[in-house]
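Please walk through this model with attention to backbone angles and enclosed space. Begin with the view below.

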Amino acid sequence: MRLLLSILFLLIFQNGKAQSDVNNLRIAVKKQIETGHYHRAITLLENHLEEVCRDSSVLFDVLIDLYVQEKRWSDVLNAYRFHHFSPDEDTTTLSIARFASGHSQEKISGSDTVQILFKRAIGGSPLISVKVNGKKYRFWFDTGAGMTVLSSATAKKCGIVNAKIDNGIATASTGKKLQLHAGIIDSLEIGKMNIQNHVTIILNRRDLEWRLLGIRVFKIDGIIGWNLLQELDVTINNRTDSILLATTHESEIDATNFFWIGAPLIECIDENGDSSLFTIDTGAGNGGIYEPFLSHTAAKSAEEKKVLMSSAGGTKMIDSYKVPSVKLNVSDKQVVIIDAPLQPHGINSFFPADGVLGMRQFEGLIVHFNMQQGFFTLMDYRDVKEAF
């Protein structure tokens, strides 16, 4: 009996120690990501790969996200060798990695700096002209899209090399499931900047159309997504409707107010002085809040409302909440979300976001960000001597 109790105690002790080790690993990894030290976060996770692959608190997903951010497709494949798949698990990233690992590494050439004009889509999101394999198209400039997207029609006309993805399903903010393919763009030109061997996903052209009463009212040919924007220094001038893009090089940084895991994130301060975490989404018109924000004092005025959600895949009316006004301090500037709707989902549980900031929050401001350098700033025209 004593022997049985001793064994039971030992098992409980070992399990408790293992759980404590995983919790300490999560804390350490979060700290590295928050400060923009992604290489250090990867090293921590790789040094505990066995525990990471067993962890149920998204550490494995975090490692895969970090590999994808750095386009380390072979490392994605290697990590999945140790992964225990759950029933009906989405293997989209694995399939993209299998496809992308067989192609040459992405390369940015041509001009180091380009300035382009943009038009505004419904809601204010930037639409820019690009060339895909030499053919001119109109793309959405979208920090909220994890990867560059092509419509199936654009991909076909440009002869994009692509492969069907097994179990490749994307979920739009409307909740609609979108079948996707992986593709490689040989040449993506933005002004005189040329991005070669750029990984993209391909959606059915109808999922990039917006319809009203069955009539198409708007369509886009594709989306410039975060897998390109994370490599660049980006300045969006909302007075001149122009965007300045520059190549950037990663450097070791001591502090950051802008980091990425699943989406670009920035810490904000609400009107009551509470800290909150918001995503930056230039593909959204108005911003919104996620469920965690409802616990903030600033959300005490939330009202039940029906909200029209728009995204790839169309529109959907949902039962939700709206907060009449959400005031936030972002990079020492106040931004306001009027009639902030409760969005149906946020970022993964590793960094649960409180909401999203869209283009309407940046009206009259210059937006400047650089993920490699880890900063996001908002400037008005008194802050700069000469706005481009």
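Is Asn 197 buried, partly exposed or exposed? The model is a predicted one, and in it the relative accessible area of Asn 197 comes to 21%. Buried would require a value under 20%. Asn 197 therefore counts as partly exposed.

Now place Asn 197 in the fold. Strand β9 covers residues 193–203, and Asn 197 belongs to that strand. Its backbone deserves a look. The phi of Asn 197 is positive, near 55°, and the residue is not a glycine.

Turn next to Asp 339. This residue sits in strand β21, which runs over residues 333–341. Here too phi is positive, at about 50°, in a residue that is not a glycine. How accessible is Asp 339? Its relative accessible area is 38%. Exposed would take a value over 50%, and buried one under 20%. So Asp 339 is partly exposed.

Go back to Asn 197, this time for the space inside the protein. Rolling a water-sized probe over the atoms reveals where empty space remains. How many cavities of 30 Å³ or more does the count give? It gives one. The largest cavity has a volume of about 70 Å³.

Which residues line the largest cavity? Asn 197 is one of them, and Val 199 is another. Lys 71 and Trp 73 also contribute to the lining. Ala 100, His 103, Ser 104, Gln 105 and Glu 106 complete the list. Sorted by class, this lining has three nonpolar, four polar and two charged residues. Asn 197 thus links two topics: a positive phi and a place in the cavity lining.

Terms used. Residues are numbered from 1 along each chain as its sequence is written. This is a predicted model: local features need pLDDT of at least 70, side-chain atom pairs count only at pLDDT 80 or more; totals for chains, interfaces and linings use all residues. Side-chain values use heavy atoms; hydrogens and water are left out. Helices (H or I, at least four residues) and strands (E, at least two) are DSSP runs, numbered from the N terminus. Buried means under 20% relative accessible area, exposed over 50%, partly exposed in between (1.4 Å probe, protein chains only). On a 1 Å grid over the protein atoms alone, a cavity is a set of points where a 1.4 Å probe fits but cannot get out, and a pocket is an open set with protein on both sides within 12 Å along at least five of seven lines; lining residues have an atom within 4 Å of a point. Grid points are joined across faces, edges and corners, and a volume is the space filled by probe spheres set on the points. Ala, Val, Leu, Ile, Met, Phe, Trp, Tyr, Cys and Pro count as nonpolar, Asp, Glu, Lys and Arg as charged, and the others, Gly among them, as polar.
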